[in-house]
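Thanks for coming. I will put the model up now and then walk through how its parts pack together.

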Amino acid sequence: MCVCVISSVVDSTIHPDTNEPVFLPFRMSSFVPTNMVLVAGMLLPNPSIKSIIFWQWLNQSVNVAFNSANANKTTPMSLKETGIAYASAVTTSCALAVGLNQSVPKLNISPQLKSLCMKLVPFTAVAAAGTVNVFLMRGKEIRDGIDVFTEQGESVGKSKQAGLSAVSQVAISRVLTNAPVLIIPPVILGRLQKTEFIKARPGLVAPINFGLIALSLMTALPAAIAVFPQIGELETSKIEKEFQGLTDKEGNPIEKVYFNKGL
């Protein structure tokens, strides 16, 4: 087997901070099959309040697991902190989704625009709640800082600025992942359902929808993750004073420090 393939397998399986395997269902390689079901549920037409709450709860529960499993582990969270973050993320998600689904139909706008807004409700709710989820689940990294290290891999302390950068980048990646997945399939499917071909074959709606979701996920996830490198870097002149003026073993000034962004 090619060395680069072996390296990719190891990188996708072993957590860089703990050097232990990430639990299989919560590895990023499992993100697409897991989220295909969740997205299909959140995009169900004319959902009831119970359905909205169920799918948003399930989605945020999975997000909590992914965020926790792939977070920077140099600043671990306690079980109590994890529980509070989980409850807050789920509550925010359900409140946003239910509120938007109840308020959008009451808007005094054209039916076409109202239909488009309803299609955007799942993305708006998931994007907002997902961002809250990331910041709540990994908020300790911002409050306490995460390990930063030199180019040679030597740890030089914990930086709150690095923590903020890592969590912010992951939150942006999550939004970039959700945008095409929750917007493109319902828009395309809405147009297809108006064609005579689909009207004559309503049984094709579900498989086409599932296929669009799968294609969107498989395209969006790699692109969103690639926006920011796994190992981030910061100039020492732009972070805490304690990292300014550092020198390496040879006495040369350390101008950059690095950190594990997490996924």
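Before the packing, some terms: helix-to-helix angles under 35 degrees count as roughly parallel, over 145 as roughly antiparallel, 65 to 115 as roughly perpendicular, and the rest as oblique. The axes are lines fitted to C-alpha atoms, for helices over the stretch in contact, and the angles run from 0 to 180 degrees between N-to-C directions. Helices are DSSP runs of H or I with at least four residues, strands are runs of E with at least two, and both are numbered from the N terminus.

What you see is a predicted model, in which local features need pLDDT of at least 70 and side-chain atom pairs count only at pLDDT 80 or more, while totals for chains, interfaces and linings use all residues. Residues are numbered from 1 along each chain as its sequence is written, and side-chain values use heavy atoms, with hydrogens and water left out.

First, the overall picture. The protein chain has nine helices and four strands. From the N terminus, the order is α-α-α-α-α-α-β-β-α-α-α-β-β. Taken along the principal axes, the C-alpha atoms fill a box of roughly 75 × 45 × 30 Å. Of the 263 residues, 40% are buried, where buried means under 20% relative accessible area, exposed means over 50%, and partly exposed is in between, with a 1.4 Å probe and protein chains only. Contact, in this talk, means heavy atoms within 4.5 Å. Among contacts between residues at least 6 apart in sequence, 73% join residues at least 24 apart.

Now the helix pairs. Helix α4, residues 79-103, and helix α5, residues 111-137, have axes that come within 9 Å and cross at roughly 165°. The two helices are therefore roughly antiparallel to each other. The crossing of α4 past α5 is right-handed; that term applies if the near helix is turned clockwise from the far one by less than a right angle, and left-handed if anticlockwise. On the α4 side the contact includes T82, A85, Y86 and L96, and on the α5 side it includes M118, V121, T124 and M137. By class, the residues of this contact are 14 nonpolar, seven polar and no charged. For the classes, Ala, Val, Leu, Ile, Met, Phe, Trp, Tyr, Cys and Pro count as nonpolar, Asp, Glu, Lys and Arg as charged, and the others, Gly among them, as polar.

One residue from that contact: T124 sits in α5. At 38% relative accessibility, T124 counts as partly exposed. Its C-alpha atom is separated by 8.3 Å from that of L96, and the two residues are 28 apart along the chain.

Helix α4 also packs on helix α3, residues 49-69, at an angle of about 145°, with the axes 9 Å apart. Here too α3 passes α4 in a right-handed crossing. Among the residues that meet are I49, W57 and V64 in α3, and Y86, A89 and N101 in α4. This contact has 11 nonpolar, six polar and no charged residues.

The next pair is helix α2, residues 31-42, with helix α9, residues 205-226; their axes come within 9 Å and cross at roughly 135°. That makes α2 oblique to α9. F31, V32, N35, M36, V39 and A40 of α2 make the contact with F210, I213, A214, L217, M218 and L221 of α9. Those residues divide into 11 nonpolar, one polar and no charged.

Is the lysine in helix α6, K140, buried or exposed? K140 is buried, with a relative accessible area of 17%. Beyond its neighbours within four places in sequence, K140 is in contact with T75, P76, M77, E81 and G145.

Last, the strands. Two strands pair if DSSP finds at least two bridges between them. Strand β1, residues 146-149, and strand β2, residues 155-159, run antiparallel and are joined by four bridges. One of the pairings puts D147 opposite K158 in β2. The hairpin has five residues between the strands, and G153 there takes a positive phi near 90°. T150 is in the loop between β1 and β2, and at 5% relative accessibility T150 counts as buried. Leaving aside neighbours within four places in sequence, T150 is in contact with V156, I254 and Y258.

Strand β3, residues 231-235, pairs with β4 in the antiparallel sense over five bridges. G232 has F259 as its bridge partner in β4. Strand β4, residues 256-260, is mostly covered, with four of its five residues buried.
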